[in-house]
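Take a look at the model below. This report covers two backbone outliers and one domain interface.

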Amino acid sequence: MVEMLKGIAASDGVAVAKAYLLVQPDLSFNKISVEDTEAEEKRIDDALAKSTEELQQIREKAAQSLGEAEAQVFDAHLMVLSDPEMIGQIKQNVKDNKVNAESALKEVTDMYIGMFEAMDDNAYMQERAADIRDVAKRVLAHLLGVTLPNPSMINEEVVVVAHDLTPSDTAQLDRKFVKAFVTDIGGRTSHSAIMARSLEIPAIVGTKEITAKVKAGDILAVNGIIGDVIIDPTEDQKAEFQKAGAEFAAQKAEWEKLKEADTITADGKHFELAANIGTPKDLEGVHNNGAEAIGLYRTEFLYMDSSDFPTEEDQFEAYKAVLEGMGDKPVVVRTMDIGGDKELPYLTLPHEMNPFLGYRALRISLSELGDDMFRTQLRALLRASAFGNLRIMFPMVATLKEFRAAKKMYDEERQKLINEGVTVSDTIQVGIMIEIPAAAVLADKFAKEVDFFSIGTNDLIQYTMAADRMNERVSYLYQPYNPSILRLIKNVIDSAHAEGKWAGMCGEMAGDQTAVPILMGMGLDEFSMSATSILKTRSLMKRLSTEDMKVLADKALNDCDTMEEVVELVEEAVK
Ligand code: PEP
Ligand code: MG
(Lines give C-alpha, C1' and ligand atoms only; values in the text may rest on other atoms or scores of the structure.)
(Ligands and ions follow the chains in the order given, each with its own letter.)
Protein backbone atom coordinates (compact mmCIF):
# COMPACT_ATOMS: atom_id res chain seq x y z
CA MET A 1 0.00 0.00 0.00
CA VAL A 2 1.31 3.41 -0.94
CA GLU A 3 2.33 5.41 2.10
CA MET A 4 4.11 8.72 2.42
CA LEU A 5 6.39 9.69 5.31
CA LYS A 6 8.05 13.02 6.03
CA GLY A 7 11.44 13.40 7.64
CA ILE A 8 14.27 15.89 7.90
CA ALA A 9 15.96 16.48 4.54
CA ALA A 10 19.57 15.59 5.40
CA SER A 11 21.40 15.11 2.10
CA ASP A 12 20.34 16.28 -1.36
CA GLY A 13 19.46 13.84 -4.11
CA VAL A 14 16.70 11.48 -5.21
CA ALA A 15 16.57 7.68 -5.42
CA VAL A 16 14.09 4.88 -6.10
CA ALA A 17 15.23 1.41 -5.00
CA LYS A 18 14.26 -1.47 -2.74
CA ALA A 19 14.65 -1.28 1.01
CA TYR A 20 17.51 -2.94 2.88
CA LEU A 21 16.68 -3.10 6.58
CA LEU A 22 19.66 -2.38 8.75
CA VAL A 23 17.76 -3.36 11.86
CA GLN A 24 18.96 -5.60 14.67
CA PRO A 25 16.85 -8.80 14.73
CA ASP A 26 15.24 -10.09 17.90
CA LEU A 27 17.83 -12.29 19.61
CA SER A 28 15.78 -13.26 22.65
CA PHE A 29 15.40 -16.94 23.57
CA ASN A 30 14.30 -19.13 26.48
CA LYS A 31 16.50 -21.41 28.50
CA ILE A 32 15.10 -24.90 28.00
CA SER A 33 16.04 -28.39 29.20
CA VAL A 34 17.00 -30.89 26.50
CA GLU A 35 17.38 -34.65 26.45
CA ASP A 36 19.28 -35.01 23.20
CA THR A 37 22.48 -33.10 24.05
CA GLU A 38 24.24 -34.47 20.98
CA ALA A 39 21.71 -32.74 18.74
CA GLU A 40 22.45 -29.47 20.57
CA GLU A 41 26.19 -29.95 20.06
CA LYS A 42 25.54 -30.49 16.38
CA ARG A 43 23.53 -27.21 16.29
CA ILE A 44 26.53 -25.47 17.85
CA ASP A 45 28.89 -26.89 15.21
CA ASP A 46 26.53 -25.81 12.41
CA ALA A 47 26.17 -22.28 13.79
CA LEU A 48 29.95 -22.01 14.21
CA ALA A 49 30.52 -23.17 10.62
CA LYS A 50 27.99 -20.69 9.21
CA SER A 51 29.43 -17.86 11.30
CA THR A 52 32.95 -18.70 10.10
CA GLU A 53 31.90 -18.69 6.47
CA GLU A 54 30.06 -15.38 6.91
CA LEU A 55 32.98 -13.73 8.72
CA GLN A 56 35.44 -14.89 6.05
CA GLN A 57 33.29 -13.17 3.41
CA ILE A 58 33.03 -10.00 5.47
CA ARG A 59 36.78 -10.02 6.02
CA GLU A 60 37.46 -10.39 2.31
CA LYS A 61 35.10 -7.52 1.50
CA ALA A 62 36.69 -5.32 4.20
CA ALA A 63 40.18 -6.03 2.85
CA GLN A 64 39.05 -4.92 -0.62
CA SER A 65 37.21 -1.78 0.42
CA LEU A 66 39.04 -0.62 3.56
CA GLY A 67 42.44 -2.27 3.31
CA GLU A 68 44.25 -5.16 4.95
CA ALA A 69 44.88 -3.36 8.27
CA GLU A 70 41.17 -2.74 8.88
CA ALA A 71 40.28 -6.29 7.82
CA GLN A 72 42.45 -7.69 10.59
CA VAL A 73 39.73 -6.93 13.17
CA PHE A 74 37.88 -9.88 11.68
CA ASP A 75 40.88 -12.16 12.16
CA ALA A 76 40.42 -11.64 15.88
CA HIS A 77 36.76 -12.63 15.50
CA LEU A 78 37.68 -15.74 13.50
CA MET A 79 40.15 -16.69 16.21
CA VAL A 80 37.41 -16.50 18.85
CA LEU A 81 35.24 -18.75 16.67
CA SER A 82 37.88 -21.44 16.57
CA ASP A 83 38.99 -21.21 20.18
CA PRO A 84 38.89 -24.90 21.27
CA GLU A 85 38.76 -24.06 24.96
CA MET A 86 35.72 -21.83 24.74
CA ILE A 87 33.87 -24.12 22.32
CA GLY A 88 34.71 -27.09 24.55
CA GLN A 89 33.22 -25.28 27.55
CA ILE A 90 30.01 -24.41 25.67
CA LYS A 91 29.49 -28.03 24.68
CA GLN A 92 30.38 -29.24 28.18
CA ASN A 93 27.79 -26.82 29.57
CA VAL A 94 25.14 -28.39 27.28
CA LYS A 95 26.10 -31.89 28.44
CA ASP A 96 26.41 -31.12 32.15
CA ASN A 97 23.28 -29.01 32.50
CA LYS A 98 21.18 -30.57 29.73
CA VAL A 99 20.30 -27.12 28.34
CA ASN A 100 19.78 -25.76 24.84
CA ALA A 101 22.73 -24.45 22.82
CA GLU A 102 21.57 -20.80 23.05
CA SER A 103 21.71 -20.68 26.85
CA ALA A 104 25.03 -22.58 27.05
CA LEU A 105 26.55 -20.18 24.53
CA LYS A 106 25.35 -17.18 26.48
CA GLU A 107 26.47 -18.46 29.85
CA VAL A 108 30.00 -19.30 28.73
CA THR A 109 30.59 -16.21 26.57
CA ASP A 110 29.18 -13.91 29.30
CA MET A 111 31.65 -15.47 31.72
CA TYR A 112 34.58 -14.69 29.36
CA ILE A 113 33.33 -11.17 28.65
CA GLY A 114 32.96 -10.46 32.36
CA MET A 115 36.47 -11.76 33.02
CA PHE A 116 38.07 -9.57 30.32
CA GLU A 117 36.02 -6.52 31.26
CA ALA A 118 37.08 -6.78 34.88
CA MET A 119 40.63 -5.97 33.75
CA ASP A 120 39.37 -2.48 33.03
CA ASP A 121 42.66 -0.63 32.79
CA ASN A 122 43.83 -2.74 29.91
CA ALA A 123 42.69 -1.69 26.42
CA TYR A 124 43.75 -5.03 24.90
CA MET A 125 41.50 -6.97 27.28
CA GLN A 126 38.61 -4.59 26.59
CA GLU A 127 38.98 -5.34 22.90
CA ARG A 128 38.93 -9.09 23.54
CA ALA A 129 35.68 -8.63 25.48
CA ALA A 130 34.22 -6.68 22.54
CA ASP A 131 35.35 -9.37 20.06
CA ILE A 132 33.70 -12.14 22.07
CA ARG A 133 30.48 -10.13 22.40
CA ASP A 134 30.36 -9.62 18.62
CA VAL A 135 31.07 -13.24 17.81
CA ALA A 136 28.59 -14.58 20.39
CA LYS A 137 25.89 -12.40 18.80
CA ARG A 138 26.64 -13.79 15.34
CA VAL A 139 26.57 -17.42 16.51
CA LEU A 140 23.37 -16.82 18.47
CA ALA A 141 21.73 -15.33 15.36
CA HIS A 142 22.56 -18.50 13.43
CA LEU A 143 21.23 -20.69 16.24
CA LEU A 144 17.98 -18.73 16.13
CA GLY A 145 17.85 -18.78 12.33
CA VAL A 146 17.84 -14.97 11.96
CA THR A 147 20.22 -12.80 9.94
CA LEU A 148 22.36 -9.99 11.28
CA PRO A 149 22.52 -7.04 8.92
CA ASN A 150 25.90 -6.57 7.25
CA PRO A 151 26.01 -3.19 5.51
CA SER A 152 29.40 -3.97 4.01
CA MET A 153 27.94 -7.01 2.19
CA ILE A 154 25.28 -5.09 0.24
CA ASN A 155 25.81 -5.91 -3.43
CA GLU A 156 22.73 -4.54 -5.21
CA GLU A 157 21.10 -1.10 -5.42
CA VAL A 158 19.19 -0.38 -2.20
CA VAL A 159 17.85 2.28 0.13
CA VAL A 160 19.19 1.53 3.61
CA VAL A 161 16.51 1.80 6.30
CA ALA A 162 17.63 1.99 9.93
CA HIS A 163 16.49 3.21 13.33
CA ASP A 164 19.71 5.21 13.50
CA LEU A 165 23.06 5.05 11.76
CA THR A 166 26.27 5.61 13.63
CA PRO A 167 29.09 7.43 11.85
CA SER A 168 30.95 4.10 11.58
CA ASP A 169 27.89 2.37 9.99
CA THR A 170 27.73 5.25 7.53
CA ALA A 171 31.41 4.95 6.68
CA GLN A 172 30.81 1.31 5.65
CA LEU A 173 28.12 2.18 3.10
CA ASP A 174 29.23 1.63 -0.46
CA ARG A 175 28.05 4.50 -2.67
CA LYS A 176 27.86 2.20 -5.65
CA PHE A 177 24.99 0.22 -4.12
CA VAL A 178 23.53 2.42 -1.39
CA LYS A 179 21.39 4.89 -3.31
CA ALA A 180 19.94 6.59 -0.20
CA PHE A 181 19.30 6.08 3.50
CA VAL A 182 16.32 6.82 5.70
CA THR A 183 16.29 6.65 9.52
CA ASP A 184 13.78 6.91 12.38
CA ILE A 185 15.85 9.30 14.47
CA GLY A 186 18.58 11.93 14.06
CA GLY A 187 18.89 15.53 12.94
CA ARG A 188 20.44 17.43 10.04
CA THR A 189 23.64 17.97 11.96
CA SER A 190 24.07 14.43 13.34
CA HIS A 191 27.37 13.12 12.05
CA SER A 192 25.80 10.42 9.89
CA ALA A 193 23.85 13.17 8.06
CA ILE A 194 27.02 15.23 7.65
CA MET A 195 28.83 12.17 6.27
CA ALA A 196 25.96 11.41 3.87
CA ARG A 197 26.46 14.86 2.39
CA SER A 198 30.16 14.34 1.85
CA LEU A 199 29.55 10.86 0.39
CA GLU A 200 26.78 12.40 -1.78
CA ILE A 201 24.26 9.79 -0.63
CA PRO A 202 20.70 11.22 -0.52
CA ALA A 203 19.40 10.93 3.05
CA ILE A 204 16.34 11.58 5.17
CA VAL A 205 16.58 11.36 8.96
CA GLY A 206 14.09 11.66 11.81
CA THR A 207 11.05 10.06 10.07
CA LYS A 208 10.21 8.56 13.52
CA GLU A 209 8.63 5.39 12.07
CA ILE A 210 10.30 4.22 8.87
CA THR A 211 11.52 0.94 10.41
CA ALA A 212 8.04 0.15 11.67
CA LYS A 213 6.45 0.74 8.27
CA VAL A 214 8.90 -0.82 5.83
CA LYS A 215 9.66 -4.49 5.12
CA ALA A 216 12.86 -5.69 3.45
CA GLY A 217 12.42 -5.53 -0.32
CA ASP A 218 9.65 -2.86 -0.36
CA ILE A 219 10.25 -0.26 -3.05
CA LEU A 220 11.06 3.21 -1.64
CA ALA A 221 11.11 6.55 -3.42
CA VAL A 222 13.32 9.02 -1.55
CA ASN A 223 13.69 12.75 -2.08
CA GLY A 224 16.48 13.98 0.21
CA ILE A 225 16.08 17.59 -0.98
CA ILE A 226 12.68 18.03 0.64
CA GLY A 227 12.56 15.06 3.05
CA ASP A 228 9.79 12.98 1.42
CA VAL A 229 9.79 9.20 1.24
CA ILE A 230 7.08 7.05 -0.37
CA ILE A 231 6.69 3.35 0.43
CA ASP A 232 5.51 1.29 -2.57
CA PRO A 233 5.13 4.28 -4.91
CA THR A 234 2.82 4.13 -7.94
CA GLU A 235 4.39 4.33 -11.41
CA ASP A 236 3.36 8.01 -11.58
CA GLN A 237 5.01 8.77 -8.24
CA LYS A 238 8.18 6.97 -9.31
CA ALA A 239 8.26 9.06 -12.48
CA GLU A 240 7.70 12.24 -10.45
CA PHE A 241 10.63 11.43 -8.15
CA GLN A 242 12.84 10.51 -11.09
CA LYS A 243 11.98 13.86 -12.69
CA ALA A 244 12.99 15.67 -9.48
CA GLY A 245 16.26 13.69 -9.58
CA ALA A 246 16.93 14.74 -13.17
CA GLU A 247 16.23 18.40 -12.33
CA PHE A 248 18.65 18.21 -9.43
CA ALA A 249 21.32 16.68 -11.68
CA ALA A 250 20.81 19.49 -14.23
CA GLN A 251 21.11 22.11 -11.48
CA LYS A 252 24.33 20.46 -10.27
CA ALA A 253 25.75 20.57 -13.79
CA GLU A 254 25.09 24.35 -13.84
CA TRP A 255 26.89 24.84 -10.51
CA GLU A 256 29.81 22.75 -11.71
CA LYS A 257 30.66 25.45 -14.22
CA LEU A 258 31.80 27.55 -11.25
CA LYS A 259 34.41 25.02 -10.12
CA GLU A 260 37.39 27.11 -11.18
CA ALA A 261 35.73 30.50 -10.54
CA ASP A 262 36.64 32.90 -7.74
CA THR A 263 34.07 33.57 -5.06
CA ILE A 264 33.48 37.24 -5.84
CA THR A 265 30.21 38.97 -4.95
CA ALA A 266 28.26 41.21 -7.31
CA ASP A 267 30.06 44.22 -5.75
CA GLY A 268 33.51 42.66 -6.00
CA LYS A 269 34.17 41.35 -2.49
CA HIS A 270 35.87 37.98 -1.96
CA PHE A 271 34.78 35.41 0.59
CA GLU A 272 36.72 32.23 1.26
CA LEU A 273 34.75 29.05 0.57
CA ALA A 274 36.28 26.09 2.35
CA ALA A 275 35.41 22.40 2.77
CA ASN A 276 34.91 20.22 5.83
CA ILE A 277 36.57 16.81 5.66
CA GLY A 278 36.78 13.70 7.82
CA THR A 279 39.61 11.79 6.14
CA PRO A 280 42.31 12.32 3.49
CA LYS A 281 40.03 10.33 1.13
CA ASP A 282 37.67 13.33 1.07
CA LEU A 283 40.30 15.40 -0.79
CA GLU A 284 38.86 14.24 -4.10
CA GLY A 285 35.50 15.86 -3.26
CA VAL A 286 37.33 18.99 -2.05
CA HIS A 287 39.01 19.44 -5.44
CA ASN A 288 35.96 18.40 -7.47
CA ASN A 289 33.92 21.08 -5.75
CA GLY A 290 36.43 23.89 -6.13
CA ALA A 291 37.16 24.51 -2.43
CA GLU A 292 39.60 27.33 -1.67
CA ALA A 293 40.72 25.81 1.63
CA ILE A 294 39.90 23.19 4.22
CA GLY A 295 38.14 24.93 7.07
CA LEU A 296 37.59 21.86 9.23
CA TYR A 297 39.37 18.53 9.25
CA ARG A 298 37.50 16.41 11.80
CA THR A 299 40.45 14.29 12.95
CA GLU A 300 38.40 12.08 15.25
CA PHE A 301 37.44 9.94 12.23
CA LEU A 302 41.07 8.86 12.09
CA TYR A 303 40.60 7.52 15.61
CA MET A 304 37.18 6.04 14.85
CA ASP A 305 38.27 4.22 11.69
CA SER A 306 40.99 2.41 13.53
CA SER A 307 40.96 -0.57 15.88
CA ASP A 308 43.43 1.11 18.25
CA PHE A 309 44.80 4.61 18.88
CA PRO A 310 46.46 5.82 15.69
CA THR A 311 50.19 6.19 16.23
CA GLU A 312 52.07 9.47 15.80
CA GLU A 313 53.36 8.10 12.48
CA ASP A 314 49.86 7.14 11.21
CA GLN A 315 48.61 10.59 12.07
CA PHE A 316 51.62 12.34 10.60
CA GLU A 317 51.03 10.53 7.28
CA ALA A 318 47.34 11.47 7.20
CA TYR A 319 47.96 15.17 8.03
CA LYS A 320 50.85 15.37 5.59
CA ALA A 321 48.71 13.86 2.80
CA VAL A 322 46.02 16.49 3.35
CA LEU A 323 48.49 19.39 3.60
CA GLU A 324 50.37 18.31 0.49
CA GLY A 325 47.11 17.67 -1.33
CA MET A 326 46.08 21.28 -0.72
CA GLY A 327 49.40 22.87 -1.78
CA ASP A 328 49.67 26.33 -0.21
CA LYS A 329 45.95 26.59 0.54
CA PRO A 330 45.05 26.77 4.24
CA VAL A 331 44.09 23.59 6.09
CA VAL A 332 42.41 23.99 9.48
CA VAL A 333 42.87 20.82 11.49
CA ARG A 334 40.76 20.37 14.58
CA THR A 335 42.24 18.35 17.40
CA MET A 336 40.23 15.26 18.30
CA ASP A 337 36.60 15.77 19.21
CA ILE A 338 35.74 12.37 20.67
CA GLY A 339 32.51 11.91 22.59
CA GLY A 340 28.93 12.99 21.91
CA ASP A 341 27.90 10.75 19.00
CA LYS A 342 31.54 9.92 18.15
CA GLU A 343 32.66 6.91 20.15
CA LEU A 344 35.88 4.92 20.01
CA PRO A 345 35.45 1.14 20.27
CA TYR A 346 38.77 0.86 22.11
CA LEU A 347 38.30 3.74 24.58
CA THR A 348 35.74 2.92 27.22
CA LEU A 349 34.35 6.15 28.55
CA PRO A 350 32.06 6.14 31.57
CA HIS A 351 28.35 6.02 30.68
CA GLU A 352 26.88 9.52 30.96
CA MET A 353 23.36 10.92 31.12
CA ASN A 354 24.22 13.75 28.71
CA PRO A 355 27.21 12.83 26.55
CA PHE A 356 26.98 16.07 24.54
CA LEU A 357 27.38 18.04 27.77
CA GLY A 358 29.88 15.65 29.23
CA TYR A 359 33.42 14.46 29.12
CA ARG A 360 34.34 15.04 25.47
CA ALA A 361 36.69 16.76 23.04
CA LEU A 362 39.17 19.18 24.65
CA ARG A 363 37.93 18.10 28.08
CA ILE A 364 39.39 14.65 27.41
CA SER A 365 42.56 16.11 25.84
CA LEU A 366 43.24 18.22 28.93
CA SER A 367 42.61 15.40 31.41
CA GLU A 368 45.07 12.78 32.59
CA LEU A 369 43.47 10.13 30.36
CA GLY A 370 43.91 12.25 27.24
CA ASP A 371 47.30 13.83 27.94
CA ASP A 372 49.29 11.29 25.94
CA MET A 373 46.76 11.14 23.10
CA PHE A 374 46.69 14.92 22.79
CA ARG A 375 50.45 15.38 22.86
CA THR A 376 50.87 12.62 20.25
CA GLN A 377 48.39 14.40 18.01
CA LEU A 378 50.08 17.78 18.49
CA ARG A 379 53.46 16.32 17.62
CA ALA A 380 52.11 14.66 14.47
CA LEU A 381 50.53 17.96 13.44
CA LEU A 382 53.64 20.02 14.16
CA ARG A 383 55.80 17.61 12.14
CA ALA A 384 53.32 17.71 9.25
CA SER A 385 53.27 21.53 9.33
CA ALA A 386 56.44 21.60 7.19
CA PHE A 387 54.38 20.25 4.25
CA GLY A 388 51.72 22.92 3.78
CA ASN A 389 49.72 25.77 5.28
CA LEU A 390 48.57 24.39 8.64
CA ARG A 391 46.17 25.98 11.11
CA ILE A 392 45.23 24.18 14.31
CA MET A 393 42.08 24.63 16.32
CA PHE A 394 40.74 23.27 19.57
CA PRO A 395 37.12 22.07 19.85
CA MET A 396 34.62 22.72 22.67
CA VAL A 397 36.49 25.52 24.41
CA ALA A 398 34.39 26.95 27.26
CA THR A 399 36.95 29.01 29.18
CA LEU A 400 40.12 30.96 28.53
CA LYS A 401 41.84 28.75 31.06
CA GLU A 402 41.17 25.72 28.85
CA PHE A 403 42.53 27.51 25.79
CA ARG A 404 45.65 28.57 27.69
CA ALA A 405 46.24 25.02 28.96
CA ALA A 406 45.92 23.56 25.44
CA LYS A 407 48.12 26.29 23.97
CA LYS A 408 50.74 25.62 26.65
CA MET A 409 50.86 21.93 25.70
CA TYR A 410 51.13 22.95 22.05
CA ASP A 411 54.03 25.32 22.84
CA GLU A 412 55.80 22.63 24.89
CA GLU A 413 55.56 20.00 22.14
CA ARG A 414 56.65 22.54 19.57
CA GLN A 415 59.72 23.47 21.60
CA LYS A 416 60.61 19.80 22.17
CA LEU A 417 60.50 19.10 18.43
CA ILE A 418 62.60 22.15 17.64
CA ASN A 419 65.15 21.00 20.24
CA GLU A 420 65.20 17.61 18.51
CA GLY A 421 66.07 19.35 15.25
CA VAL A 422 62.71 18.65 13.56
CA THR A 423 61.51 21.21 11.00
CA VAL A 424 58.35 22.93 12.18
CA SER A 425 56.59 25.73 10.29
CA ASP A 426 56.75 29.11 12.02
CA THR A 427 53.52 30.40 10.52
CA ILE A 428 51.02 27.98 12.13
CA GLN A 429 47.94 29.81 13.35
CA VAL A 430 46.30 28.46 16.51
CA GLY A 431 42.60 29.16 16.97
CA ILE A 432 39.48 27.83 18.61
CA MET A 433 36.03 26.68 17.69
CA ILE A 434 33.27 28.85 19.06
CA GLU A 435 30.58 26.31 19.81
CA ILE A 436 29.81 26.95 23.47
CA PRO A 437 27.72 30.07 24.23
CA ALA A 438 30.10 31.07 27.07
CA ALA A 439 32.93 31.47 24.54
CA ALA A 440 30.68 33.31 22.07
CA VAL A 441 29.69 35.83 24.74
CA LEU A 442 33.29 36.30 25.89
CA ALA A 443 34.68 36.43 22.35
CA ASP A 444 36.28 39.86 22.91
CA LYS A 445 38.57 38.35 25.57
CA PHE A 446 39.38 35.24 23.55
CA ALA A 447 40.13 37.36 20.47
CA LYS A 448 43.16 38.88 22.20
CA GLU A 449 44.80 35.47 22.61
CA VAL A 450 43.78 33.31 19.64
CA ASP A 451 44.74 33.66 15.97
CA PHE A 452 41.24 32.96 14.66
CA PHE A 453 37.74 31.78 15.44
CA SER A 454 35.74 29.13 13.63
CA ILE A 455 32.09 29.13 14.67
CA GLY A 456 30.72 25.62 15.17
CA THR A 457 27.02 26.30 14.82
CA ASN A 458 26.03 22.62 14.98
CA ASP A 459 26.86 22.66 18.66
CA LEU A 460 26.45 26.40 19.31
CA ILE A 461 22.78 26.21 18.30
CA GLN A 462 22.05 23.08 20.35
CA TYR A 463 23.63 24.62 23.45
CA THR A 464 22.04 28.05 23.01
CA MET A 465 18.54 26.66 22.39
CA ALA A 466 19.02 23.74 24.81
CA ALA A 467 17.83 21.39 22.03
CA ASP A 468 19.73 18.16 21.30
CA ARG A 469 20.94 18.24 17.68
CA MET A 470 20.30 14.48 17.36
CA ASN A 471 16.72 14.55 18.64
CA GLU A 472 14.09 14.87 15.91
CA ARG A 473 11.41 15.65 18.53
CA VAL A 474 13.02 19.00 19.30
CA SER A 475 14.33 19.69 15.82
CA TYR A 476 11.89 22.62 15.54
CA LEU A 477 14.12 24.40 18.08
CA TYR A 478 17.17 23.92 15.92
CA GLN A 479 16.95 27.49 14.61
CA PRO A 480 20.03 28.84 12.84
CA TYR A 481 18.15 32.03 11.90
CA ASN A 482 16.84 32.79 15.37
CA PRO A 483 17.90 36.40 16.15
CA SER A 484 19.55 35.15 19.39
CA ILE A 485 21.90 32.94 17.38
CA LEU A 486 22.54 35.71 14.86
CA ARG A 487 23.48 38.13 17.65
CA LEU A 488 25.92 35.65 19.17
CA ILE A 489 27.54 35.15 15.75
CA LYS A 490 27.75 38.90 15.16
CA ASN A 491 29.47 39.35 18.50
CA VAL A 492 32.06 36.71 17.57
CA ILE A 493 32.79 38.26 14.16
CA ASP A 494 33.04 41.81 15.52
CA SER A 495 35.26 40.72 18.41
CA ALA A 496 37.66 38.97 16.02
CA HIS A 497 37.82 41.98 13.71
CA ALA A 498 38.42 44.39 16.62
CA GLU A 499 41.66 42.50 17.31
CA GLY A 500 42.63 42.13 13.64
CA LYS A 501 41.80 38.40 13.60
CA TRP A 502 39.61 36.47 11.18
CA ALA A 503 36.36 34.66 11.89
CA GLY A 504 35.12 31.66 9.97
CA MET A 505 32.28 29.20 10.38
CA CYS A 506 32.50 25.44 10.01
CA GLY A 507 29.08 24.41 11.26
CA GLU A 508 26.48 23.36 8.68
CA MET A 509 24.95 26.86 8.82
CA ALA A 510 27.87 28.13 6.72
CA GLY A 511 26.42 26.34 3.68
CA ASP A 512 22.77 27.06 4.47
CA GLN A 513 21.39 29.10 1.59
CA THR A 514 19.09 31.16 3.85
CA ALA A 515 21.87 31.95 6.33
CA VAL A 516 24.61 32.76 3.81
CA PRO A 517 23.24 36.22 2.78
CA ILE A 518 23.03 37.30 6.44
CA LEU A 519 26.51 35.95 7.25
CA MET A 520 27.91 37.85 4.26
CA GLY A 521 26.30 41.01 5.59
CA MET A 522 27.81 40.41 9.04
CA GLY A 523 31.28 40.18 7.51
CA LEU A 524 32.11 36.51 8.15
CA ASP A 525 35.50 35.91 6.49
CA GLU A 526 35.49 32.19 5.79
CA PHE A 527 32.61 29.77 5.10
CA SER A 528 33.46 26.09 5.59
CA MET A 529 30.90 23.42 4.69
CA SER A 530 30.28 19.97 3.22
CA ALA A 531 32.21 20.10 -0.07
CA THR A 532 29.00 19.37 -1.98
CA SER A 533 27.47 22.69 -0.83
CA ILE A 534 30.35 24.87 -2.07
CA LEU A 535 29.35 25.41 -5.69
CA LYS A 536 25.74 26.32 -4.96
CA THR A 537 26.99 28.78 -2.31
CA ARG A 538 29.45 30.30 -4.79
CA SER A 539 26.62 30.66 -7.28
CA LEU A 540 24.47 32.44 -4.65
CA MET A 541 27.27 34.77 -3.50
CA LYS A 542 28.02 35.86 -7.04
CA ARG A 543 24.47 37.15 -7.36
CA LEU A 544 24.51 39.19 -4.13
CA SER A 545 26.06 42.51 -3.14
CA THR A 546 27.68 42.83 0.29
CA GLU A 547 26.32 46.33 0.74
CA ASP A 548 22.75 45.06 0.32
CA MET A 549 23.48 42.12 2.61
CA LYS A 550 24.74 44.50 5.33
CA VAL A 551 21.35 46.19 5.32
CA LEU A 552 19.67 42.78 5.40
CA ALA A 553 21.82 41.56 8.31
CA ASP A 554 21.14 44.75 10.22
CA LYS A 555 17.40 44.27 9.90
CA ALA A 556 17.63 40.57 10.87
CA LEU A 557 19.66 41.47 13.97
CA ASN A 558 17.68 44.45 15.11
CA ASP A 559 14.15 44.38 13.70
CA CYS A 560 13.20 40.70 13.66
CA ASP A 561 11.65 38.99 16.69
CA THR A 562 11.53 35.44 15.39
CA MET A 563 13.24 33.00 13.10
CA GLU A 564 10.21 33.05 10.79
CA GLU A 565 10.55 36.82 10.32
CA VAL A 566 14.21 36.39 9.41
CA VAL A 567 13.40 33.72 6.82
CA GLU A 568 10.74 35.95 5.28
CA LEU A 569 13.17 38.87 5.16
CA VAL A 570 15.84 36.81 3.38
CA GLU A 571 13.36 35.30 0.92
CA GLU A 572 12.16 38.78 0.03
CA ALA A 573 15.71 40.12 -0.43
CA VAL A 574 17.20 37.18 -2.34
CA LYS A 575 14.31 36.41 -4.72
C1 PEP B 1 30.03 22.18 15.06
O2 PEP B 1 29.74 21.87 16.21
O3 PEP B 1 29.45 23.08 14.42
C4 PEP B 1 31.10 21.47 14.34
C5 PEP B 1 31.51 21.89 13.17
O6 PEP B 1 31.63 20.36 14.91
P7 PEP B 1 30.93 18.92 14.95
O8 PEP B 1 29.78 18.95 13.96
O9 PEP B 1 31.96 17.93 14.56
O10 PEP B 1 30.48 18.82 16.36
MG1 MG C 1 30.99 20.61 17.42
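Does D232 count as buried, exposed or partly exposed? D232 is partly exposed, at 28% relative accessibility (buried is under 20% relative accessible area, exposed over 50%, partly exposed in between, with a 1.4 Å probe and protein chains only).

This is a predicted model, in which local features need pLDDT of at least 70, side-chain atom pairs count only at pLDDT 80 or more, and totals for chains, interfaces and linings use all residues. Residues are numbered from 1 along each chain as its sequence is written, and side-chain values use heavy atoms, without hydrogens and water.

**Positive phi**

Neither residue in the table is a glycine. Helices (H or I, at least four residues) and strands (E, at least two) are DSSP runs, numbered from the N terminus.

| Residue | Phi | Loop between |
|---|---|---|
| D232 | about 55 degrees | β8 (228-231) and α9 (235-256) |
| A361 | near 50 degrees | β11 (330-334) and α13 (362-365) |

A361 is buried, with a relative accessible area of 0%.

**Domain 2 and domain 3**

Domain 2 spans 37-144 and domain 3 spans 257-574; the bounds come from an automatic or database domain assignment. Their C-alpha centres lie 42 Å apart. In contact (heavy atoms within 4.5 Å) are 5 residues of domain 2 and 6 of domain 3. The rule finds 0 salt bridges across this interface (a side-chain nitrogen of Lys or Arg within 4 Å of a carboxyl oxygen of Asp or Glu). On the domain 2 side, α2 (68-81) and α5 (123-144) each supply at least two residues. α5 gives the most, with 3 residues.

Methods:
Chains are lettered from A and ligands numbered from 1 in the order in which they are written.
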